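Subject: Structure handover

Hi,

Here is the structure I promised to pass on. Please open it alongside this note.

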Amino acid sequence: MPSIDLNCDLGESFGAYTIGMDAQVIPYVTSANVACGFHAGDAVVMERTVALCKASGAAVGAHPGLPDLQGFGRRVMKISPAEAGAFVTYQVGALKAFCDAAGVPLHHVKPHGALYNMAGRDRELADAIARAVQSAAPGAVLLALSGSEMVRAAQAIGLPVASEVFADRGYRPDGSLVPRGTPGAMIEDEDEAIARVIRMVKEGKVKASDGTDIAIRADSVCVHGDGPKALAFVRKISAALKASGVELTPF
């Protein structure tokens, strides 16, 4: 039986501002990527999100981003590999402290937003991030875009790595994501998104923006938990995967 991890970016609330439906979404996913304070989240939210994951059995991962709260970490910044490594080390260390206090392992690290996309293309940034994960969270898995430079950087140093695919994002022919804000970036039709995921899991293929099929490795599927239909979609994709004979389990 094929298996897949279902992950979601969570812990994105900040102070008095609430983003997402973490408590409702977490029971339907097998792993969570918890914001670490740079692009979203704060200490109280981090602690609460780790507790929610522990209660539901979801694997806890750090979701380090660029230091850009106002832009939600989605704006490209010109940073050096050394800075990227320091940013990741700092944020992973913060979440690991909450995991240690709760008695749960830090299962994985998934860079966020612009940092994720930048390191997916830039091998020097990818190398720095992989080294930071290896030193700051021994035993944790790097969760990275399938076929990206981050996957290759992790493999080069023996860092465990899992390949991520997206339920609701379009792909370019080179395997990169269609940039947000451009046509085809988001898959709006839920049934189409689910059909694409099942095909990625079972066949290792996805249709790119130019209509061609590209090969893709799917160890984990990302679903977003902050949209108006997020909870309904997470429930629907979880049920559809199980109904198609795919087991849901952390990577």
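How much space lies in the largest pocket? About 740 Å³. Keep in mind throughout that this is a predicted model.

**The pocket**

The lining of the largest pocket is made up of 38 residues. Closest to the centre are Gly113, Tyr116, Asn117, Leu145 and Leu177. Three elements each give two or more residues to this lining: α4 (113-121), α6 (149-157) and β8 (213-215). Start with α4 when you look at it. With seven residues, α4 supplies the largest share of the lining. The chemistry is mixed: 14 lining residues are nonpolar, 12 are polar and 12 are charged.

**Helices α2 and α3**

Next, a helix pair. Helix α2 covers residues 43-56, and helix α3 covers residues 81-102. Their axes come within 10 Å and cross at roughly 45 degrees. That angle makes α2 oblique to α3, because oblique covers what is neither roughly parallel (under 35 degrees) nor roughly perpendicular (65 to 115), nor roughly antiparallel (over 145). The crossing of α2 past α3 is right-handed.

Which residues meet here? From α2 come Ala43, Met46, Glu47, Val50 and Lys54. On the α3 side they meet Ala94, Leu95, Phe98, Cys99 and Ala102. By class, this contact of α2 with α3 has eight nonpolar residues, two charged and no polar ones.

**Helices α7 and α8**

A second pair is worth a look. Helix α7 runs over residues 190-203, and helix α8 over residues 230-243. They pack at an angle of about 40 degrees, and their axes are 10 Å apart. So α7 is oblique to α8. The crossing of α7 and α8 is right-handed.

On the α7 side, the contact is made by Glu190, Asp191, Ala193, Ile194, Val197 and Ile198. They meet Phe233, Lys236, Ile237, Ala240 and Leu241 in α8. The contact of α7 with α8 divides into eight nonpolar, three charged and no polar residues.

**In brief**

To find your way around, begin at the pocket of about 740 Å³. Then turn to α2 and α3, which cross at roughly 45 degrees. Finish with α7 and α8, which pack at about 40 degrees.

Best wishes

Conventions: Residues numbered from 1 in each chain as written. Predicted model: local features only at pLDDT ≥ 70, side-chain atom pairs only at ≥ 80, totals over all residues. Heavy atoms only, no water. Axes fitted to C-alpha atoms, helices over the stretch in contact; angles between N-to-C directions. Helix = DSSP H or I, 4+ residues; strand = E, 2+ residues; numbered from the N terminus. Left-handed = near helix turned anticlockwise from the far one by under 90°. Contact = heavy atoms within 4.5 Å. Nonpolar A, V, L, I, M, F, W, Y, C, P; charged D, E, K, R; others polar. 1 Å grid on protein atoms, 1.4 Å probe; cavity = no way out; pocket = protein on both sides within 12 Å on 5 of 7 lines; lining within 4 Å. Points joined across faces, edges and corners; volume = space filled by probe spheres on them.
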